[in-house]
Amino acid sequence: MLLLNLHAYSSLHRLEILYKATFLVNISIIWFLGPLILVYLKSVFQEEQGLIRRNLKHFLGFFIFTLLIGLPISIFQLINEPSFKYLQYIDTNQVVIVIFSNIVFIVYIYLSLRIFNSSKNVIQHSHSELSKLDLNWIRNLLYGSLAFISVDIITRLMDEFSIATAINTGYFTMFSIIILVSYLGFHGISQSKILLPKFLLEPEFRLNNNGRQQHSLSAYDQDAIAHLIENLAKVMSDDKPYLDPELTLGKLARSIEITDKKLSTLFNTYLETTFYDYVNSFRIIEVKKSLRHVDSTKYTILSLAMDCGFNSKASFNRIFKKETGLSPSQYRNEYVNHSAETSY
């Protein structure tokens, strides 16, 4: 991104040496960034053996473009003498090449968005609170990249068709890069790495040697399953881990001394729920107790929800209404009114 900004700056201020030195990066990098983002998303959300080796094919376009177009044009820019006849045509139609490259980049962003969106259902099984996950950073990376490419395509078309503007259109592209990089860099400092447990994308059921389905708790008899459920309920009742807004499936699994995968199977197969719904049901019960307390009106509903493990107003309101059929304020008002009537 720094080299792209330097190239844009050199173009705007007609710094010939800097312009030629950064030309290859400017014309070829977009073919590298698209596959790079896709592979990054795969590394975050998918467990794939030999990730780099399996995805090298996505970088084939970058190598071909660089060898056949990017590098020869860069040399042409330096010596002002085309080594191949086709370079003269390409040099005079650079905007077409750049727009085509941007379209290829958009395709890769689309593929990355598909992986990102499909991961949400998976993440719901491992995190009790979705609002503070690092996923916002990835989402903004993808949509910010789309916005940047859109600005670049529009400004290049404006230049191509000589649409008059009050400011050099190159500034729009340069400023959009600066804004995107600054935002991602600033927020990236506080973002922890997104490392989802490996079991999340593993199939819930596997086939044993006899062709029968089995899962991670297949070796447990009914008494052992009942003991796990009882132990889980005791931990939730005594230790109240749901009050931790950062509670994850891994943390809860460690508290009852089983693996993440076994706890996931316990929820999905035997309790017929998800970790997300299970934990939040306890939080809702705790919030309802707080709202029914005589002094609850001294506090905002949101502060009571935060004390009970929620950290997002939107998700709390949605979950509370789903569980009770009422909004939090309606629930408290009904209880307060009922208490006032019965006190007479």
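Here are some questions and answers about the predicted model above.

The model is predicted, so local features need pLDDT of at least 70 and side-chain atom pairs count only at pLDDT 80 or more, while totals for chains, interfaces and linings use all residues. Residues are numbered from 1 along each chain as its sequence is written, and side-chain values use heavy atoms, with hydrogens and water left out.

Q: How many helices and strands does the secondary structure come to?
A: Helices (H or I, at least four residues) and strands (E, at least two) are DSSP runs, numbered from the N terminus. Counted that way, the protein comes to 16 helices and 2 strands.

Q: What percentage of the residues in the protein is buried?
A: Buried means under 20% relative accessible area, exposed means over 50%, and partly exposed is in between (1.4 Å probe, protein chains only). The protein has 344 residues, and the buried share of them is 40%.

Q: Which element gives the largest share of the largest nonpolar core?
A: A nonpolar core is a set of buried Ala, Val, Leu, Ile, Met, Phe, Trp, Tyr and Cys residues joined through side-chain atoms within 4.5 Å. The largest one here has 28 residues, and Leu41, Phe45, Phe105, Ile138 and Leu142 have the most contacts inside it. Two or more residues each come from α3 (23–45), α5 (60–79), α7 (94–123) and α8 (135–160). The largest share, 9 residues, comes from α3.

Q: How many residues are in the second, separate core?
A: This core includes Met236, Ile256, Leu266 and Phe267. Met236 is also one of the buried residues of α10. The second core's count is 20 residues.

Q: How far apart are the end C-alpha atoms of α10?
A: The expected span of a helix is 1.5 Å times one less than its number of residues. For the 17 residues of α10 that should give 24 Å, and the model agrees: the end C-alpha atoms are apart by 24 Å.

Q: Over what arc around the axis do the buried residues of α10 lie?
A: The residues in question are Ile225, Leu228, Leu232, Val235 and Met236. The arc is that of the directions from the helix axis to the C-beta atoms. These residues sit on the same side of α10 because their arc is only 100 degrees.

Q: Which helices are included in what covers the buried residues of α10?
A: The face turned away from the buried side carries the exposed residues Gln222, Asp223, His227, Glu230 and Lys234. As for the buried side, its cover, judged by contact (heavy atoms within 4.5 Å), includes α11, α12 and α13.

Q: Which residue follows α10 with a positive phi?
A: It lies in the loop between α10 and α11 (249–255). Its relative accessible area is 32%, so it counts as partly exposed. Its phi is about 50 degrees although it is not a glycine. The residue is Lys240.

Q: Is Glu272 buried or exposed?
A: Glu272 lies in the loop between α12 (260–270) and α13 (275–292). Its phi is near 50 degrees, a positive value in a residue other than glycine. With a relative accessible area of 68%, Glu272 is exposed.

Q: Which residues of α15 are exposed on the side away from its buried residues?
A: The buried residues of α15 (residues 313–324) are Ser315, Phe316, Ile319 and Phe320. They cover an arc of only 125 degrees, which puts them on the same side of α15. On the other side, the exposed ones are Lys313, Ala314 and Lys322.

Q: Which side chain does a polar contact of 3.2 Å join to that of His58?
A: His58 lies in the loop between α4 (51–55) and α5, and at 17% relative accessible area His58 is buried. Not counting residues up to four places away in sequence, His58 touches Pro35, Leu38, Lys42 and Tyr108. A polar contact is a pair of N or O atoms within 3.5 Å; within protein, one must be able to donate a hydrogen and the other to accept it, and residues adjacent in sequence count only if both atoms are side-chain atoms. The partner at 3.2 Å is Tyr108.
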